[in-house]
Amino acid sequence: MIVVTGASGQLGRLVIESLLKRLPASEIVAAVRNPDKVADLAARGVQVRVADYDQPASLAAAFKGADKLLLISASEVGRRMPQHRTVIDAARAAQVGLLAYTSILHADTSPLPLAAEHKETENLIRASGLPAVILRNGWYTENYTAGIPAALQYGVLLGSAGQGRIASAARADYAEAAATVLTQDKQAGRIYELAGDASYTLGQLADEISRQSGKAVAYRDLPEVEFKAALLGAGLPDFLATLLAESDVGASKGGLFDDGRQLSALIGRSTTPLSELVKLALA
Ligand SMILES: NC(=O)c1ccc[n+]([C@@H]2O[C@H](COP(=O)([O-])OP(=O)(O)OC[C@H]3O[C@@H](n4cnc5c(N)ncnc54)[C@H](OP(=O)(O)O)[C@@H]3O)[C@@H](O)[C@H]2O)c1
């Protein structure tokens, strides 16, 4: 039995879809805070269990009988450590056969401030003694394509990534990698650096948006404080504006680049090209 936390989220849902292509639904558990959100999965035969990272008792019940568990990292930056610790403790108590964790690309050396909690979580997992596999996920291309409507509206794509190359991939690519690892043997002890096959600068992303939309979009590189102010001005909450601006600066230092092609090797196909995700966002 394979248990997936965060199964109501965007990545989690894609992992479940990918698992459904490989396993009977009755062997898959969607572990979620709110079962109503995944009623569609329950209707397809997926087991739904309540699992809240802040409620240890819920995790003990959710992980019962799990051969393998995918911990999808929690989404509240700054609160992840107590939450991940609770999940790891529950996984150990349930004696899961394999714990898989969605970390961040190059967690041990990444210049992105976001990486600190992932590195600490990897250390906790190592110290737990659980058989574990680490999926160091790179950036989702969707993080950038979400900004396409605003870029088209103003004719400008803003960022702080400079000439940093970004080897992002689609959420669906990372989800397929997770499902592959969860359904293959001999994964314990492995660390995967997962990134897109090709990389681009934000200037090249602006060019691609212009090419496909027929509207001129230029990339404007801003200092971190100005980019953050622009994001706040666009209505983003402070934590998200901070996170995106800091991450772009990390990208300018190479933090979102990798050319090892471990993701395509794992999923047995090329990663989704940037052009395809831009097309999808424009449709
Ligand atoms: N690589 C990247 O570019 C990137 C970008 C953004 C985020 N991330 C990380 O990757 C994770 C998955 O990405 P995503 O796009 O799927 O995010 P998402 O759509 O926001 O999904 C987050 C999932 O985590 C669940 N969750 C949050 N807090 C929880 C708690 N206390 N207990 C149990 N479940 C909880 C959410 O449950 P509810 O449905 O109940 O809210 C949801 O299912 C994120 O959580 C974040 O750590 C990575």
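The following exchange concerns a predicted model and how its ligand shell and sheet are described.

Me: How do you know that K37 makes a polar contact with the ligand?
Reply: An N or O atom in the side chain of K37 is 2.8 Å from an oxygen atom of the ligand. A polar contact requires a pair of N or O atoms within 3.5 Å, so the K37 pair qualifies.

Me: What makes the backbone atoms of G6 and Y53 polar contacts of the ligand?
Reply: A polar backbone atom of G6 is 3.2 Å from an oxygen atom of the ligand, and a backbone N or O atom of Y53 lies 2.8 Å from a ligand nitrogen atom. Because the limit is 3.5 Å, both pairs count. On its own the ligand has 900 Å² of accessible area, of which the protein covers 83%.

Me: Which elements give two or more residues to the shell around the ligand?
Reply: They are helix 1 (10–20) and helix 4 (80–93). The ligand is surrounded by 22 residues, the closest being S8, L11, S73, R80 and N143. By class, the shell has 7 nonpolar, 9 polar and 6 charged residues.

Me: Why are strand 3 and strand 8 said to stand at the edges of the sheet?
Reply: The open sheet has 7 strands in the order 3-2-1-4-5-6-8, with parallel pairing. Strand 3 (47–50) and strand 8 (191–194) each have a single partner strand, so one side of each is left without a neighbour in the sheet. From one strand to the next, the twist averages 20°.

Me: How do you know that strand 6 and strand 8 pair?
Reply: Strand 6 (residues 132–137) is joined to strand 8 by 4 bridges, and the two run parallel. Pairing requires at least two bridges, so these strands meet the criterion. One of the bridge partners in strand 8 is Y192, which faces L135 in this pairing as its bridge partner.

How values were computed:
Residues numbered from 1 in each chain as written. Predicted model: local features only at pLDDT ≥ 70, side-chain atom pairs only at ≥ 80, totals over all residues. Heavy atoms only, no water. Near = heavy atom within 4 Å. Polar contact = N/O pair within 3.5 Å; in protein donor to acceptor, adjacent residues only side chain to side chain. Areas by Shrake-Rupley, 256 points an atom, 1.4 Å probe, with all protein chains shown as cover. Nonpolar A, V, L, I, M, F, W, Y, C, P; charged D, E, K, R; others polar. Axes fitted to C-alpha atoms, helices over the stretch in contact; angles between N-to-C directions.
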